[in-house]
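Colleague: Please show me the model. Then I will ask about it piece by piece.

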Amino acid sequence: MSELLSLPDTYSFLDTEVDMKEFTWERMTHLIDTHPPQNTKIKGECGSATFLELERRPSLPRDAKKIIKELKRIFPGKPVTCHLFFGITDRHTTFGIHRDRMHVLYLQVLGKVDWEIHRPRREDAISDTLKPERSKIVENKILEPGMMVWNPMGTFHHSKPIGTRMGLSFGVEGLHV
């Protein structure tokens, strides 16, 4: 995880040293099956779910735990959360164009996602979400298993799945906007 040693101030698509052997459909679906229902958000019309607070699950793959540990080292005293995004169709785009109030490191686990970085057309955008006509795509990349993207707090982005997918989002909480 040497690329995490100096995370940039702007978004970045990262090459990783994550051992993806543990991130199998079988292992990840077992993680989902045993997850507490109170930490699950389901969007049935799109066949998707978000699983919150995975960092507390003992069955989380070792390299995911290493990423959490490394982020805690880089951001001492700040809690790091891990959420899994799972969708069985390409209609599930999670949140549309948005920005987070935390730093986010996203790892594509299974399937593919078209990851877009957006910039508001007006610099005075105050909303945490944007309509497509109010933003422009700065860069996009197809993320495949093992690929990561670093989104510092406030980076507008949008993920569009290409079929069935799973991805882990590591958030550095407790930062100031």
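Modeller: One definition first: buried means under 20% relative accessible area, exposed means over 50%, and partly exposed lies in between (1.4 Å probe, protein chains only). The model is predicted: local features need pLDDT of at least 70, side-chain atom pairs count only at pLDDT 80 or more, and totals for chains, interfaces and linings use all residues. Residues are numbered from 1 along each chain as its sequence is written, and side-chain values use heavy atoms, without hydrogens and water.

Colleague: Which exposure class does N140 fall into?

Modeller: N140 sits in strand β8. Helices (H or I, at least four residues) and strands (E, at least two) are DSSP runs, numbered from the N terminus. The relative accessibility of N140 is 40%, which makes N140 partly exposed.

Colleague: Which side chain does N140 meet in a polar contact of 2.9 Å?

Modeller: Start with contacts, meaning heavy atoms within 4.5 Å. Beyond its neighbours within four places in sequence, N140 touches D114, W115 and E116. A polar contact is stricter: a pair of N or O atoms within 3.5 Å, where within protein one must be able to donate a hydrogen and the other to accept it, and residues adjacent in sequence count only if both atoms are side-chain atoms. At 2.9 Å, the side-chain partner of N140 is D114.

Colleague: How many bridges pair β6 with strand β8?

Modeller: Two strands pair if DSSP finds at least two bridges between them. I117 has E139 in β8 as its bridge partner. β6 and β8 (residues 135-143) run antiparallel, and their bridges number eight.

Colleague: Where does I117 lie relative to N140, C-alpha to C-alpha?

Modeller: In sequence, N140 and I117 are 23 residues apart. In space, the distance between their C-alpha atoms is 6.0 Å.

Colleague: How many bridges does β6 share with strand β10?

Modeller: One opposed pair is D114 and K160 in β10. β10 spans residues 156-172 and runs antiparallel to β6; their bridges number 14.

Colleague: Which residue in β9 stands opposite L107?

Modeller: β9 covers residues 148-151 and joins β6 in the antiparallel sense by four bridges. In β9, the residue opposite L107 is M148.

Colleague: How many of the 18 residues of strand β6 are buried?

Modeller: β6 runs over residues 103-120 and is mostly covered. Its buried residues number 15.

Colleague: Which backbone oxygen does the side chain of H157 reach?

Modeller: H157 belongs to strand β10. H157 is buried, at 4% relative accessible area. Among its contacts more than four places away in sequence are H98, D100, W115, H118 and N151. At 2.9 Å, its side chain reaches the backbone oxygen of T155.

Colleague: How far apart are the closest N and O atoms of E22 and R27?

Modeller: A salt bridge is a side-chain nitrogen of Lys or Arg within 4 Å of a carboxyl oxygen of Asp or Glu. E22 is buried at 13%, whereas R27 is partly exposed at 28%. Both belong to a salt-bridge network with R62. In the bridge between E22 and R27, the closest N and O atoms are apart by 2.7 Å.

Colleague: In which helix do K66 and D63 both lie?

Modeller: K66 is partly exposed at 48%, and D63 is buried at 5%. Their side chains form a salt bridge, 3.3 Å from N to O. The two are three residues apart, about one turn, and both lie in helix α2 (residues 62-74).

Colleague: How many salt bridges does the count come to?

Modeller: Another one joins R56 to E53 at 2.9 Å. R56 is exposed at 62%, while E53 is partly exposed at 27%. The count of salt bridges is eight.

Colleague: Which residues on the other side of α1 are exposed?

Modeller: In α1 (residues 25-33), M28, L31 and I32 are buried. They cover an arc of only 100° (from the directions between the helix axis and the C-beta atoms), so they share one side of α1. On the other side, the exposed residues are E26 and D33.

Colleague: How many aromatic pairs are there?

Modeller: Rings of Phe, Tyr and Trp (its six-membered ring) pair if their centres lie within 6.5 Å; planes under 30 degrees apart are stacked, over 60 edge-to-face, the rest tilted. The pair count is three.

Colleague: What are the class of the Y11 and F13 pair and the class of the F75 and W150 pair?

Modeller: Y11 and F13 have ring centres 6.1 Å apart and planes at 75°, so that pair is edge-to-face. F75 and W150 lie 6.3 Å centre to centre with 20° between the planes, and that pair is stacked.
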